[in-house]
Amino acid sequence: MSNSSPARRIPVLIALFLTAICQSPAATVIWTNTAGGNWNNTNNWSPNTVPASGDTVFITNAGTYTVTLNIGATLAALTVGGNGGGTQTLAKAGFTLTLDGASYFGTNGVFALDS
């Protein structure tokens, strides 16, 4: 006879379920604020989340604006500079930016390093 009752299995099943849903997969995150702004503001991104490790990020909307990297970030990939006109600038304000994969700065993209 087994000591394993349904009541004992339920906590284990709940723990497995919570572990599965709490692991967030890498996402594609797109800058939306064509007035510019700080990297860590969730309202500047679609979806409304600050890019996390493993995410692919696009700062490519037409317009002339600056995205200020005001926190450290690690990304799977980054694309700056769209084809729609204007200049899209990523300003590194003293924080570390780590790119784990191929990234691209188009002709309309600028990477402004701090002094």
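The dialogue below concerns the open sheet and the largest nonpolar core of a predicted model.

Colleague: In what order do the strands of the open sheet lie?

Modeller: Strand order is read from the pairing of neighbours. Here 5 strands make up an open sheet, ordered β3-β1-β4-β7-β10, with mixed pairing. β3 (45–46) and β10 (104–105) are the edge strands; each has a single partner strand, so one side of each lacks a neighbour in the sheet.

Colleague: Which sense, parallel or antiparallel, does the pairing of β1 and β3 have?

Modeller: Each pair is considered in turn. β1 and β3 are antiparallel and share 2 bridges; within β3, Ser46 is the bridge partner of Ile30. β1 and β4, by contrast, run parallel and are joined by 3 bridges, and Val57 in β4 is the bridge partner of Val29. β7 and β10 also pair in the parallel sense, over 2 bridges, with Tyr104 of β10 as the bridge partner of Thr79.

Colleague: How do the side chains point along β1?

Modeller: One compares the two faces of the strand. The side chains of β1 alternate: Val29 and Trp31 are buried and point to one face, whereas Thr28 and Ile30 point to the other face and are not buried.

Colleague: Which residues touch the most other members of the largest nonpolar core?

Modeller: Contacts among the members are examined. This core has 16 residues, and those touching the most other members are Trp39, Val57, Ile59, Leu78 and Leu90. The elements contributing two or more residues are β1 (28–31), β4 (56–59), β5 (65–69), β6 (73–75) and β7 (77–80). β5 gives the most, with 3 residues.

Notes
Residues are numbered from 1 along each chain as its sequence is written. This is a predicted model: local features need pLDDT of at least 70, side-chain atom pairs count only at pLDDT 80 or more; totals for chains, interfaces and linings use all residues. Side-chain values use heavy atoms; hydrogens and water are left out. A nonpolar core is a set of buried Ala, Val, Leu, Ile, Met, Phe, Trp, Tyr and Cys residues joined through side-chain atoms within 4.5 Å. Buried means under 20% relative accessible area, exposed over 50%, partly exposed in between (1.4 Å probe, protein chains only). Helices (H or I, at least four residues) and strands (E, at least two) are DSSP runs, numbered from the N terminus. Two strands pair if DSSP finds at least two bridges between them.
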